[in-house]
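I opened the notebook to record what I looked up, going from the strands to the loops, then to a helix and the ligand.

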Amino acid sequence: MNLATDPKRKVAAAEPGHNHPRNSGIAFNEEAVLGPTVNLSAVERRTASLPARRSVKKEYQAAWLVKAIQCIDLTTLAGDDTPARVHRLCAKAKSPLRADLVEALGLADDAPKVGAVCVYPTMVKPAVEALTGSGIPVASVATGFPAGLMPLDLRLEEIRRAVADGAGEIDIVITRAHVLGQDWTALYDEIAAMRAACGPAHLKAILATGDLKTLRNVYRASMTAMMAGADFIKTSTGKEDVNATLPVSLVMVRAIRDYLQETGFKIGFKPAGGLRTAKDAMNWQILMKEELGREWLEPDLFRIGASSLLGDIERQIEHFVTGRYAALNRHAMA
Ligand SMILES: O=C[C@H](O)COP(=O)(O)O
């Protein structure tokens, strides 16, 4: 089987800001979805070896952490979100590191900013307002986030509204029932319709892996989402009982590797939910580098969805610069 020869596949040129052509999707291919098996103990062994085997030290660590900041989708997805909160978050997105730390790292001419700001659809407009001119895209969750249990026409309309309001990226949720019922063509059709509704906005497919029961389902859902045209696959909404884990992430990045090998398309990966420490960020960066290579350390192919990771990264960078940790009351709460 070679999906690269699929007659329905259309090859596009790279978009501005991206080094690779956008995934156009391919026709549903059952063999590629159902074929591979996943060996749980091999997955667990591989992921257990990742954090222990590599330790990135000192100036390299600071460089990796700056890179992690550039890949954060700085997120607020709470019932009490307000435009004022979103404006504050956007200010942090534009200047995620304190000016003295930026200066000390020698980055004043090219200060880091985050990968995107991720919000609910009604918060897209305030986010777009606050980020105008910054080059930081607004990502909107949509399609009845987090459960996705709304009629499809309303979910598609929600995407179109968020894009019309200025969202450059749409984080969709899938219908978990399609996965649990092994209805892969229904899942493919749903995501393909969502991709069409996104138009130029990039689609990130949240698989909600904590709901999918098995790693085999995670692989199958990943492959189906990519075939349907997802630009990114993302682990979790942050609202499941279990969110991003390294084993689930390994299965998803192996699916990305398989899809690349068969089609030539590079798909991004976004772990999200429960990532709070600099060490978490680096564990996922090591996973990306070892499994997919350096290109997957850049924000066009890697994002970390997090509402409260930045504080610890800033703290570790401050430790690198000053040799000590600041008191917790000196740190921002986001
Ligand atoms: O997509 C991002 C997640 O909702 C963030 O989850 P978190 O609040 O656990 O960091």
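**Strand pairing, loops, helix and ligand**

I began with β1 and β8, which run parallel and are joined by three bridges. The model I am reading is a predicted one, and I kept that in mind for every entry below. Looking up a single partner on this side, I found that I72 of β1 is bridged to I304 in β8.

On turning to β2, I noted that β1 also pairs with this strand in the parallel sense, again over three bridges. Here the bridge partner of D73 is A116 in β2.

Which way do the side chains of β1 (residues 72-75) point? I saw that I72 and L74 point one way whereas D73 and T75 point the other way, and that all of them are buried.

I then followed the pairing onward from β2 (residues 116-119) to β3 (residues 138-142), where the sense is parallel and the bridges number three. For C118, the bridge partner I recorded in β3 is A139.

What is the strand order of the whole sheet? I wrote it down as β7-β6-β5-β4-β3-β2-β1-β8, an open sheet of eight strands with parallel pairing. The edges are formed by β7 (268-270) and β8 (304-306), each of which pairs on one side only. From one strand to the next, the twist averages 25°.

Next I checked the backbone for exceptions, bearing in mind that most residues other than glycine have a negative phi and that most peptide bonds are trans.

In the loop between β3 and α7 (152-164) I came to P146, and the peptide bond that leads into this residue from F145 is cis, with omega near 0°. The loop between β3 and α7 also holds T143, which is not a glycine and yet has a positive phi of about 65°.

Is T143 buried or exposed? I count T143 as buried because it has 30 C-beta neighbours inside 10 Å, where the cut-off for a buried residue is 20 or more.

A further positive phi, near 55°, belongs to Q182, a residue other than glycine. I located Q182 in the loop between α8 (176-180) and α9 (184-198). Since Q182 has 12 other C-beta atoms within 10 Å, I entered this residue as exposed, the limit for that class being 12 or fewer.

I then tested the length of helix α13 (residues 310-322). At 1.5 Å a residue, its 13 residues should span 18 Å, and the end C-alpha atoms are 18 Å apart, so the expected and computed values agree.

Which residues of α13 are buried? I listed L310, I313, E314, I317 and E318. Because these residues cover an arc of only 140° around the axis, they lie on the same side of α13. Just after α13 comes G323, for which I noted a positive phi of about 85°.

My last entry concerns the ligand, which 13 residues surround. The closest are G238, A272, G305, A306 and S307. How does the shell around the ligand divide into nonpolar, polar and charged residues? I recorded five nonpolar residues and eight polar ones, with no charged residue in the shell.

Notes: Residues numbered from 1 in each chain as written. Predicted model: local features only at pLDDT ≥ 70, side-chain atom pairs only at ≥ 80, totals over all residues. Helix = DSSP H or I, 4+ residues; strand = E, 2+ residues; numbered from the N terminus. Expected span 1.5 Å × (residues − 1). Arc of directions from axis to C-beta. Near = placed C-beta within 6 Å. Nonpolar A, V, L, I, M, F, W, Y, C, P; charged D, E, K, R; others polar. Pairing = 2+ DSSP bridges. Axes fitted to C-alpha atoms, helices over the stretch in contact; angles between N-to-C directions.
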